[in-house]
Amino acid sequence: MYKLLLNKYTAYPWFQSERISFRGYFISNGNLYKGEEAISFLLDKLNKIEFKSILLLLNGLFSIIICGENEVYFATDRLRCLPLFYAFHEGDILVSDNAQEIYNALPKVTFDPVSIEDFKANGLFVSGASTLYREIKQVQAGEWVCYKNDCHQLSSGFYFTHADENKNKKTQAEQTEKFRPIFKEACNNLVIALDGRTAVVSLSGGTDSRELLLMLHTAGYKKVLCFSYGKKGSLDCTY
């Protein structure tokens, strides 16, 4: 069986039906879906195609859990903005949006020495599906996970990867030409996701905030508020 240990959030709260738990939003075919509309979209698609194929249609920021009679599917978006964690206890799979909830539910949790060394090496994260604890795993960006109750089998795969297997076979001009429509679509999706709200952009002095402003400018979005931070004269206040 499965147990969902989900928290109540003000930002991106969970919406639930009998089969689906959904948090966040996604864009599909130029339309924005969130809350009950997102659940209705997913239910409709589940009657026609499998969960893995549905994920290919979604672009956004989300966590999805699909509960069936004999299996449970769960996945995060392409950047893992709203994470999911899972572990096993007494034949049950525990799924949560917070690793602390699973930690509290398990009778014993042990540190993973390999993961600790991994974390020390990069100082930011643990690679792959591992966490600092042996018993607790995480859903990776662009990954789906399935657990079948009847045979206690866990499977997973990636519906999206950021790696381009053919990049070495293309010239710089070809890659640039391929990037143009992708960038334009990203700009349009950003505007759709904003849904008329004011975009507040913190200017860090780096390239990320400049790229975001370029996207908003390219899309012709006018409701933008910018601010810088840090000590006066520092690199973070160069705008």
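Biologist: What is the relative accessible area of Lys3?
Modeller: The model is predicted. Buried would require under 20%, and exposed over 50%. Lys3 is partly exposed, because its relative accessible area is 44%.

Biologist: Which residue does the side chain of Lys3 meet in a salt bridge?
Modeller: The N to O distance in this pair is 3.8 Å, and the cut-off is 4 Å. The two residues sit in distant parts of the chain, 89 residues apart, with Lys3 in strand S1 and its partner in strand S8. That partner is buried, with a relative accessible area of 16%. The residue is Asp92.

Biologist: Where do S1 and S8 sit, and which strands stand at the edges of their sheet?
Modeller: Four strands form an open sheet of mixed pairing, in the order S1-S8-S7-S9. An edge strand has a single partner strand, so one of its sides is left without a neighbour in the sheet. The edge strands are S1 and S9.

Biologist: In S9, which residue is the bridge partner of Tyr86?
Modeller: Strand S7 covers residues 85–89 and pairs with S9 over two bridges. That pairing is antiparallel. In S9, the partner of Tyr86 is Lys137.

Biologist: How many residues of strand S10 are buried?
Modeller: S10 spans residues 143–148 and is largely enclosed by the rest of the structure. Strand S6 runs antiparallel to S10, joined by five bridges. S11 is also antiparallel to S10, with six bridges. Of the six residues in S10, the number buried is five.

Biologist: Which residue in the turn between S10 and S11 has a positive phi?
Modeller: The two strands form a hairpin, with four residues between them. One bridge in this pair joins Tyr147 to Leu154 in S11. In the turn, phi is about 55° at His152.

Biologist: Which residue forms a salt bridge with Glu71?
Modeller: The closest N and O atoms are 2.7 Å apart. Glu71 lies in strand S6 and its partner in strand S10, 77 residues apart. Glu71 is partly exposed at 24%, and its partner is partly exposed at 28%. That partner is Lys148.

Biologist: How many disulfides does the structure hold?
Modeller: A disulfide needs sulfur atoms within 2.5 Å. Cys67 is buried, at 8% relative accessible area. The sulfur of Cys81 is 17 Å from the closest cysteine sulfur, in Cys187, which is too far for a bond. The total for the structure is zero.

Biologist: Which cysteine sulfur is nearest to that of Cys67?
Modeller: A search for disulfides gives zero. Cys67 is in none, and its nearest cysteine sulfur is 11 Å away. That sulfur belongs to Cys146.

Biologist: Which residue has its backbone oxygen 3.2 Å from a polar atom of the Ser28 side chain?
Modeller: Ser28 lies in strand S3, residues 20–28. Ser28 is buried, because its relative accessible area is 8%. Beyond four places in sequence, its contacts are Tyr33, Phe41 and Leu57. The backbone oxygen is that of Leu57.

Biologist: How far apart in space are Ala105 and Thr10, C-alpha to C-alpha?
Modeller: Ala105 is in helix H3, residues 99–105. Leaving out residues up to four places away, Ala105 touches Leu5, His89 and Leu94. Ala105 and Thr10 are 95 residues apart in sequence. In space, their C-alpha distance is 24 Å.

Conventions. Residues are numbered from 1 along each chain as its sequence is written. This is a predicted model: local features need pLDDT of at least 70, side-chain atom pairs count only at pLDDT 80 or more; totals for chains, interfaces and linings use all residues. Side-chain values use heavy atoms; hydrogens and water are left out. Buried means under 20% relative accessible area, exposed over 50%, partly exposed in between (1.4 Å probe, protein chains only). A polar contact is a pair of N or O atoms within 3.5 Å; within protein, one must be able to donate a hydrogen and the other to accept it, and residues adjacent in sequence count only if both atoms are side-chain atoms. Contact means heavy atoms within 4.5 Å. Two strands pair if DSSP finds at least two bridges between them.
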